[in-house]
Amino acid sequence: MIKILVVEDEVRVADLIKRGLEEVGYKVDAAYDGQQGLNLFQNNSYHMIISDIILPHISGFELCQKIRLIDKNIPILMLTALGTTDDKLEGFDAGADDYMVKPFDFRELDARIKVLLKRGLEKGSSQPSEISYSDLTINLNTKEASRKGKLIKLSPKEYNLLLFMIKNPERVLSRIEIAEKVWDTHFDTGTNFIDVYINYLRNKIDKPFDTNLIHTKPGMGFIFTDKL
């Protein structure tokens with residue numbers, strides 16, 4: 001089943017879109033601010049994103065840019081009351097694939113969704129599914145990582161940890177969150193297994209290269225970024 005994420009701060013509008021899409025056969029999650037939308041995207045798999053532009057916490061433009069750091073191919077449709085050419089150009093520059101001005105006819109929205117999903121499927125079938133950040137790339141089909149073109153051999157646990165970090169770039173990840181999301185377990189403060197695997201990863205993806213991607217935030221956890 002096609003799964004769509006709708007990010008819209010007007011709860012009534014978000015719920016109307018959600019119900020309408022569910023009635024035509026899509027599975028839909030709704031978020032009511034940009035940060036909630038980003039969190040849902042980072043922790044779930046979607047075939048398409050529909051987002052308003054003016055959102056609390058982070059804007060639709062910024063959300064689009066952050067999503068594009070994680071997934072270059074997922075279709076993104078912007079829904080907004082802003083209809084000027086400059087607004088549209090800014091949305092496309094942020095990585096949006098299409099743009100609809102509110103209010104809109106639901107039949108047109110459904111038609112746009114079908115076109116974007118078809119385009120996304122064609123794009124995905126002709127290219128390997130990859131996630132990249134900086135000069136590090138993970139191929140989701142082969143489950144292989146490479147940096148600057150050099151293949152990096154990872155154990156399954158190292159791969160899952162790296163995948164979680166690259167899906168959550170430039171955000172502090174606590175040991176508790178890593179334990180729950182990567183190991184599906186509660187973090188025991190009496191153990192250091194997360195730090196051990198972080199060190200394993202550092203030795204493979206940071207030590208042989210000039211720029212470190214994994215950084216420790218004392219008392220908070222770890223952050224995956226090339227900006228420190």
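## K3 and its strand

K3 is buried, with a relative accessible area of 16%; the cut-off for that label is under 20%. Keep in mind that we're looking at a predicted model. K3 is found in strand β1. Setting aside neighbours within four places in sequence, K3 is in contact with K27, D29, N44, S45, Y46, H47 and M48.

## How sure is the predictor?

Mean pLDDT for the protein comes out at 87, and 91% of the residues reach 70 or more. Where is confidence lowest, and where is it highest? The low spot is helix α4 (residues 85-94), with a mean of 70, while β11 sits at the top with 97.

## The parallel sheet

Back to β1: this strand is part of an open sheet of five strands, ordered β2-β1-β3-β4-β5, with parallel pairing. At the edges you'll find β2 and β5 (98-101), each of which pairs on one side only. On average, neighbouring strands of the sheet are turned by 20° against each other, direction ignored.

Zooming in on one pair, β1 and β3 run parallel and share four bridges. L5 stands opposite I49 in β3. Then there's α3, which lies across β1, β3 and β4 (76-80) and runs at about 175° to β4.

## Helix α2 and what covers it

Which residues of helix α2 (residues 34-43) are buried? They are G34, G37, L38, F41 and Q42. These residues cover an arc of only 130° around the axis, which puts them on the same side of α2. That fits the usual helix arithmetic: with 3.6 residues a turn, residues three or four places apart point the same way.

So what covers those buried residues? The cover includes the strands β1 (3-7), β2 (27-31) and β3 (48-52), along with helix α3 (60-70). At the N-terminal end of α2, D33 acts as a cap, with a side-chain oxygen 3.0 Å from the backbone nitrogen of Q35.

## T216 in β11

Over in strand β11 (residues 214-217) we have T216. Is T216 buried or exposed? Neither, quite: T216 has 38% relative accessibility and so counts as partly exposed, since that label covers the range between under 20% and over 50%.

Not counting residues up to four places away in sequence, T216 touches R202, G221 and F222. With R202 there's also a polar contact between the side chains, at 2.7 Å. As for I198, which is 18 residues from T216 along the chain, the two C-alpha atoms are separated by 9.5 Å.

Key: Residues numbered from 1 in each chain as written. Predicted model: local features only at pLDDT ≥ 70, side-chain atom pairs only at ≥ 80, totals over all residues. Heavy atoms only, no water. Buried < 20%, exposed > 50% of the residue type's maximum accessible area, 1.4 Å probe, protein only. Helix = DSSP H or I, 4+ residues; strand = E, 2+ residues; numbered from the N terminus. Arc of directions from axis to C-beta. Contact = heavy atoms within 4.5 Å. Polar contact = N/O pair within 3.5 Å; in protein donor to acceptor, adjacent residues only side chain to side chain. pLDDT = per-residue confidence, 0-100. Pairing = 2+ DSSP bridges. Axes fitted to C-alpha atoms, helices over the stretch in contact; angles between N-to-C directions.
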